[in-house]
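Please open the structure in your viewer and keep the selection panel at hand. The tour below proceeds stop by stop, stating at each one what to select and what is found there.

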Amino acid sequence: MEMINLTIDHKPVVVRQGTTILKAASSIGIDIPTLCYMKLDDMNIENKPGGCRVCVVEVKGRRNLAPACCTEATEGMEINTHSIRAINARRTVVELILSDHPADCLICAKSGNCDLQNMANHLGIRKIHYQGEQSSYREDTSPAIIREINKCIMCRRCETMCNDVQTVGVLSAVNRGFQAVVAPAFEMNLDHSVCTYCGQCVAVCPTGALTEADETGAVIRALSDPTKTVIVQTAPAVRAALGEEFGMPAGTLVTGKMVAALRRLGFDYVFDTDFAADLTILEEGTELLSRLSAFMEGDPNVKLPILTSCCPAWVKFFEHHFPELKDIPSTARSPQQMFGSIAKTYFADKIGVKRENLVVVSIMPCLAKKYESSRPEFSVNGNPDVDFALSTRELAHLINLGNVDFNSLPNDEFDQPLGESTGAAVIFGTTGGVIEAAVRTAYEVFTGKPLPRVDFEELRGMDGLRKATIDFNGTPINIGIAHGLGNARKLLEDIQAGNSEFHAIEIMSCPGGCIGGGGQPYHHGDAEILKKRQRAIYSEDKNKTIRKSHENPYITKLYEEFLGAPMSEKAHHLLHTKYFDRS
Amino acid sequence: MAEYNMHILVCGGTGCKASQSELIKTNFTDKLNEYGLTDEIQVILTGCFGFCEKGPIVKILPDNTFYTQVTPEDVAEIVDEHLIKGRKVERLLFIDPETKETVGDSKGMDFYKKQIRIALRNCGFINPENIEEYIGRDGYAALGTCLSEKSPEEVIKMIKDSGLRGRGGGGFPTGLKWELTRKSVSNQKYVVCNADEGDPGAFMDRSILEGDPHSVLEAMAICGYCIGADNGLVYIRAEYPLAIERLKIAINQAREYGLLGDDILGTGFNFDVEIRYGAGAFVCGEETALIHSMEGKRGEPTVKPPFPAEKGYNGKPTNVNNVETFANIPVIINKGAEWFASIGTEKSKGTKVFALAGKINNVGLIEVPMGITLREIIYDIGGGIKDGREFKAVQTGGPSGGCLTKSFLDTPIDYDNLVAAGSMMGSGGMIVLDDSDCMVAIAKFYLEFTLDESCGKCTPCRIGNKRLHEILEKITGGNGELEDLNRLRMLSNVIKDTSLCGLGQTSPNPVLSTLDNFYDEYLAHVTTHKCLAGQCKALMHYSIDAERCTGCTLCFRNCPVGAISGEKRSPHYIDQSLCIKCGVCAAKCKFDAVLIA
Amino acid sequence: MNKIKSLADLKKLQSEVQSKIKLRENGDNPENLIQIKVSMATCGIASGAKDTMNYLIEELDQQGIDAIVTQTGCMGYCYAEPTIELTVPGQPPVVYGFVNKTKALEIIEKHIKLNEMVDGIIPVAYSTIDNH
């Protein structure tokens, strides 16, 4: 690789050929501000349209300023990142963006987390010299995502996520010039589009243009309603990220504090989605084994691979794009919905509360969960199994509204019977976790022997597409893992073409799995944060005394008292679902 | 093979077609049928003659008679008088505005005298729908020579030596571009012809494709041979139906004759051309945007490098040239690089096609040698300013260009001189302005165009141009302040400095160049709130001179908003709060009593 | 149409089709070429001017002489039809009367090729509109 010599702000630097000015500068401690640019290292996610023009720098001999994020360094370049010309241009560009941006920072959902706000502050902008008309678009409300496009700054990050990473293809730039904006085709509403509500657009939006549908108000009303019993379930990935909202370093596990906070907020029972994750493993694992055995016995009606079905964005994705494959995914509902279903039957009976008076709130790292809970098949007589699905970020707001000093909270324990969980359930929160959990149970059921080891390192990691073969006591089981819908699409296309070598595949819509979900604290383009959350998840697993789902005593009890056996008729009715052709 | 004694060339360019030139052709055919002369006299629909001001044009050969503004009804007289009796129809001949005498032969017209037609060599000469006529004019000989007798390197050297530069606006040396694409290593490369002509008032590329499509196809094949591509794409805007039609016919004919397709002229070289349609976005003239549009993506530019020569259509090395650039190529091969380089100036060789428009007598399409002066174009070829008014400026380079004033009338026109004068060559639009044009309004007009045509990708172009336009609206609306002039300049400079593509980088040029050259007009708008050209309505003030007003009530009766009052036979007056400045009163007054200030 | 298979084929076709547009090429440079105007009014046509004109065109073409043959109206010498006006570049026009095929050939052979006047010249008493 050829090396390039250049100077940046009079400092000499040597970089590899192909390095951008931005990277070259950063390697010697010069932080050129960027706005539209986003790169998630090692995850193959990069957005560099060169559109915002905030990172422009002066290059000696060049006619105009160069965008540092997408201009390669060349031999002998002399760059000035803070010449008066560059500073003036940078500030003017940000002023221009601000001149076409609603100045409602004080009440904006993104206030404090807004990259544009931070940029204005960073550059010390105190006056907008070029005022004028502001573009105006109607707001678009969907069950999960709110588009307030007046706040769009055309950074195109959402477009990169939606098209390049997720291959969903809903969001793209429409219209021209001052009217240009990112929107679904024909500017249709999101809920008419093929949007999966994965929320990755929200996760990367630098401003308040894309936010979640906020349901904290409804939850507060339920909590203050004396006729209601309000219970809460928390997804595995939430505990690995919630602390970030309260200033803790990424990767801090806050399970105990989270439980304590929820209890202070007035939830009557604080339960764990992890319990339902263990339940999912029993149902899905049993389904896997029965399909696997039938397949190996040569049953022509059985199709493999089996695909996981806990991710609602993924479910909506294949319903739109691969409806002919809708028989392949497991019929098991997601843990959120299994929890809701059991809570409003088994648990409601147990505490003697009518279904209508039991409110199930879920805390999810996800925005698609809001949509999932609103799917009609997950309601009984119009009463949903899960009433409200809040994101991790919404929970943080709720905690603040409850005047809870999160950092000083003691650790608290989940309530029973729906609060007990195993290490297998915790790892549902990261890519590779669901299938590892399934393997832990399926192996022992299939072989009748205890696992020689619990940790399957071969299933872990951050590569978008991974595969491993697990030896089920002489039977090799091929496992595929994809996170990010674009990666999932590749595996599905292989299945369509009849080229799939896998027996089972885990698919998570969001890069990194649920830890990188659209409802998590904003990562602001820092992929390290996701990796730290992943490490936290695996450490929680390690610290659990029970690490296999089928060993969860409360699950055993649930089957004994209520469901009978996995895949029983009752289990089918309450814990399984079917899929629809939405193409 | 039938040979004809006479040829009647009827202009089939878009402008003349709109004036029924097809019916003219039909009438000729019918009339000749009637007289049994169809074996002796041939009627041909050609491409544009360029002299659009006086279209439809009919040219009779061999005596080279040039008839102007011919109507379908004139055909009978031309046939009876000219073709049968040999008497030219005088009333249809061009009248020299200077001598007031008729000019029978187009060679005697000033409009053509100073032109050198290279790119337009076949426009108005051959039937564009007949490949044999093109072949008869050395057509495809250049391709044949290249394939049979020259190596790609030799051809590229010829193009480099000729000094040909891109005619689409940028002026990048064509030979160098070909060489760069040739050097890119790939199993697949593309030749793209940029026919997405978008400057307001410009129609040179359309005319070439309508009048001589084969010259472009031939050049694309030559380019393919040089860079190692077997695939050519013409990106053309769907609003050019006639050009598309003629291009399609040309492609089919070339395939039929084996001049496109596999094993061309037995040399083993394969090359074919497809058409891709654009939706008429100005920004798609920018080569990266054009390529994205062809790929079915949103037509917006991306940062260069990588240049299309490295990574273009479908990620493969792609050479993009404009129509006019291509049209020059076969002539360079046939006549030699030295011949071509002998025309023009030191750094700008050959000719340039310009679309003359605005306040000029001879509106039309002209091809002139580089180095010609504006004065020659405007006064000799263009026949001077309309209605004898005073020349104020000429806008060149379209919305990316600037205004050249009187002081540049004698500057030789080439790429570098135009840039030095604060404008640019652009694709060749030339709009002539006279003393009734307000330069602030002109700048606003061009900015309006850019605003509509910006793709909206980068901040300075998307929002900056909007703000520039708002400031100009404020000024022409009579609310400008001195500080606005400063803000215009500062913002323009930032937009130029930071925009992603050529569109944004040049969009403030009309503002900057008018600010530089007509600062007085701007100053008048913002200080005394006067529009010197009398064009900005909001700055006009209508009042009635009591001395002159006879109280005839004509203005009172014609005012559409009832802003005028007064007794019969006594002076009237205008209520300024009601006046909409429509000017009807001034137009109606017989006593020049309405004062406009 | 058969495909053109080589550069030689192309050149052959080119020379074939060139004559089709030669008229136009020549029209672009009329002052450098021999021009013949054949009087083709009623009287001229009745006297065989059309044959003469066709003969001139064919013969000149066959001999490879670039010339512009056009028709014109009555020249007023109805007694001497068919009449033609011959203009050799750089020389004043000459009008010949009674031009039948034999005469036409003689004019080509002598006047055009050798620049020797032939009998039968009618003194010019007018100027055409082109010479206004």
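Among contacts in chain A between residues at least 6 apart in sequence, what percentage join residues at least 24 apart? The share is 74%, where two residues are in contact if their C-beta atoms, placed from the backbone, lie within 7 Å.

Before the next selection, please note that this is a predicted model, in which local features need pLDDT of at least 70, side-chain atom pairs count only at pLDDT 80 or more, and totals for chains, interfaces and linings use all residues. Residues are numbered from 1 along each chain as its sequence is written, while chains are lettered from A and ligands numbered from 1 in the order in which they are written.

**Stop 1: chain A**

Select chain A and display it as a cartoon. Its secondary structure comprises 18 helices and 22 strands; these are DSSP runs, numbered from the N terminus, with helices being H or I of at least four residues and strands E of at least two. The radius of gyration of chain A, taken over C-alpha atoms, is 25 Å, close to the 25 Å that the globule rule (2.2 Å times the number of residues to the power 0.38) gives for 583 residues, so chain A is as compact as a globular protein of that length. Along the principal axes, the C-alpha atoms of chain A fill a box of roughly 75 × 55 × 45 Å. Of the 583 residues of chain A, 54% count as buried, that is, 20 or more other C-beta atoms, placed from the backbone, lie within 10 Å of their own.

**Stop 2: chain A against chain B**

Now add chain B. Here 31 residues of chain A are in contact with 27 residues of chain B. On the side of chain A that touches chain B, α2 (84-99) and β10 (172-174) of chain A give two or more residues, and α2(A) gives the most, with seven residues.

**Stop 3: two domains of chain B**

Hide chain A and select domain 3 (351-434) and domain 4 (439-526) of chain B; the bounds come from an automatic or database domain assignment. Their C-alpha centres lie 22 Å apart, and 11 residues of domain 3 of chain B are in contact with 15 residues of domain 4 of chain B. Strand β15 (residues 402-405) of chain B provides the largest share of the domain 3 side, three residues.

**Stop 4: chain C against chain B**

Finally, show chain C with chain B. There, 31 residues of chain C are in contact with 31 residues of chain B. On the side of chain C that touches chain B, α1 (7-28) and β2 (67-72) of chain C each supply at least two residues, and α1(C) gives the most, with 13 residues.

Methods: A residue is buried if 20 or more other C-beta atoms lie within 10 Å of its own, exposed if 12 or fewer, and partly exposed in between; C-beta atoms are placed from the backbone.
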